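Please look through the structure below slowly, following one part of the chain at a time. The paragraphs after it start with pairs of charged side chains, then turn to helices, and end with a pair of cysteines.

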Amino acid sequence: MLAVQLTAWGESPVVREIPEPAFTGKQLLIKVGAAGLCRSDLGVMDSPAGRFDYPLPLTLGHEVAGVVIDAGPEGDRSLIGESVVVHGIWPCQACRNCRRGRQNYCLELVPRQDGRLSPMGNGLGHHGGLAELMVVPSADVLVPTGALPAEQAAPLADAGLTAYHAIRLHNDLIDSDTVAVVVGIGGLGHLAVQILRALGVRRIVAVDTREQAHALAIESGAQGCHLTLEGAARDIATLGGADLIFDFVGAPPTIGPAPGLLAPGGRIVVVGSAGGRLTVGKDLGFPSGWQVGAPFWGTTDDLRNVVAMAQAGTLHAEVTRFGFSEVPDAYRQLRSGSFAGRGVLVPGL
């Protein structure tokens, strides 16, 4: 079968023909219908040897949707023929966080004592879905998608899920009076705007340095889109300051100005990891009651809710479709920010 694999650290992935995967026990075999391309993939492939405890070659792809076509001897054969999306975190299912339903904070999926990052899920230590077939450990990591097209379902596994989880943690501040700022209208940000709108938020200010992303921000439900946070400051101040700032970039130019744009009791939610730093303290003049959070991915229940939103038509991913031969160039385009929304591999395209 064809697969997109990272074969050496610090190098671009390659499209290769590899053997079809074997499966056993509770494992299930998925025929991939679509798989998203994420900036996190760039972080993995750019890393020096030793940062990740991932065996190479590694098939990339942690946003995967497809159809269950076979099962190991202990697997759930009732799922064969079912369309599914794969939860990209493969947790232990036994630690206290997993028992709480917080699989994204599984205590077994933490950095090793030497600082190296252990395998976490498909495309992140275990072979992922940028391939024609993929094996998952059990039915526990699958969410049925029904008639939802695979290219719409795949981005929900990370872009939709991460955005939803980041927003859901702040439900107490989300209503028709909320002033929300969404920084970065890419794969995650354009879905975050749609989720906020679906939850009743009407005052959404978007920020993206790429002018081609501004139309997508407005289409998704933002009132307006600015090139920088400084450029958005007047609009935010006119609205009484921001209750919630969702930063899907996390760079110094986006994190630095954020505290000065908060309303009292406002919160900064840092999702992106582009090297920004924020010094916090009670004596730095921040608005009273400020909070800063850094959520990670999302739970299986969050994924079910995101799928339900997409099935109801309130959440729609803007996708650019690629075939196998186009994936290396698609990653170059992703790096340069030259397409809006989410890039998606569609096998057979």
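The structure, which is a predicted model, holds ten salt bridges. Side chains of opposite charge can pair when their charged atoms come close. One of these bridges is formed by arginine 335 and aspartate 46, whose closest N and O atoms are 2.8 Å apart. Because arginine 335 lies in helix α10 (residues 327–336) while aspartate 46 lies in the loop between α1 (39–45) and β4 (58–59), the pair ties together parts that are 289 residues apart in sequence. As for how far the two partners are covered, arginine 335 counts as partly exposed at 41% relative accessibility, and aspartate 46 is also partly exposed, with a relative accessible area of 42%.

Another salt bridge is found where the side chains of aspartate 172 and arginine 267 meet, at 2.8 Å from N to O. This pair, too, links distant parts of the chain, for aspartate 172 is in the loop between α4 and β11 (179–183) and arginine 267 is in strand β15 (residues 262–270), 95 residues away. Are the two partners buried or exposed? Aspartate 172 is exposed, with a relative accessible area of 55%, whereas arginine 267 is buried, with a relative accessible area of 10%. To place aspartate 172 in the wider structure, you can take its C-alpha atom and that of glutamine 103, a residue 69 places away along the chain, and find that 22 Å separates the two atoms.

A further bridge joins the side chains of aspartate 208 and arginine 210, with 3.0 Å from N to O. Here aspartate 208 counts as buried, because its relative accessibility is 6% and the cut-off for buried is under 20%.

The loop between α4 and β11, which holds aspartate 172, is also where histidine 170 is found. In contrast to the exposed aspartate 172, histidine 170 counts as buried at 12% relative accessibility. Leaving aside residues up to four places away in sequence, histidine 170 touches Leu244, Phe246, Arg267 and Val269. One of these contacts, Arg267, is the arginine that meets aspartate 172 in the salt bridge described above.

From this loop we can step back to helix α4 itself, which is mostly covered, with nine of its ten residues buried. The buried residues are Ala159, Gly160, Leu161, Thr162, Ala163, Tyr164, His165, Ala166 and Ile167. What covers them includes β5 (63–71), α5 (189–198), β14 (242–247), β15, α9 and β18 (342–345), so that strand β15, the home of arginine 267, appears again in the surroundings of α4.

How do the axes of α4 and α9 cross? The axes of helix α4 (residues 159–168) and helix α9 (residues 300–311) come within 9 Å and cross at roughly 110 degrees, which means that α4 is roughly perpendicular to α9. On the side of α4 the contact is made by Gly160, Leu161, Tyr164, His165 and Arg168, and on the side of α9 by Asp302, Leu303, Asn305, Val306 and Met309. Sorted by class, this contact has five nonpolar, three polar and two charged residues. To read such a list, it helps to know that an α-helix has 3.6 residues a turn, so residues three or four places apart point the same way.

Helix α5, one of the elements that cover α4, is itself mostly covered, since eight of its ten residues are buried. These are Gly189, His190, Leu191, Ala192, Val193, Gln194, Ile195 and Leu196, and they pack against α4, β11, β12 (203–207), α6 (214–220), β14 and α9. Just after α5 the chain reaches glycine 200, which takes a positive phi of about 100 degrees.

Finally, we turn to the cysteines, where a search of the whole structure finds zero disulfides. Cysteine 95 is in no disulfide, and the nearest cysteine sulfur, which belongs to cysteine 98, is 3.7 Å away. Why do cysteine 98 and cysteine 95 not form a bond? The sulfur of cysteine 98 is 3.7 Å from that of cysteine 95, too far for a bond, because a disulfide needs the two sulfur atoms to be within 2.5 Å. Cysteine 95 counts as buried at 10% relative accessibility, and cysteine 98 is buried as well, with a relative accessible area of 7%.

Technical notes:
Residues numbered from 1 in each chain as written. Predicted model: local features only at pLDDT ≥ 70, side-chain atom pairs only at ≥ 80, totals over all residues. Heavy atoms only, no water. Buried < 20%, exposed > 50% of the residue type's maximum accessible area, 1.4 Å probe, protein only. Axes fitted to C-alpha atoms, helices over the stretch in contact; angles between N-to-C directions. Helix = DSSP H or I, 4+ residues; strand = E, 2+ residues; numbered from the N terminus. Parallel < 35°, antiparallel > 145°, perpendicular 65-115°, else oblique. Contact = heavy atoms within 4.5 Å. Nonpolar A, V, L, I, M, F, W, Y, C, P; charged D, E, K, R; others polar. Salt bridge = Lys/Arg side-chain N within 4 Å of Asp/Glu carboxyl O.
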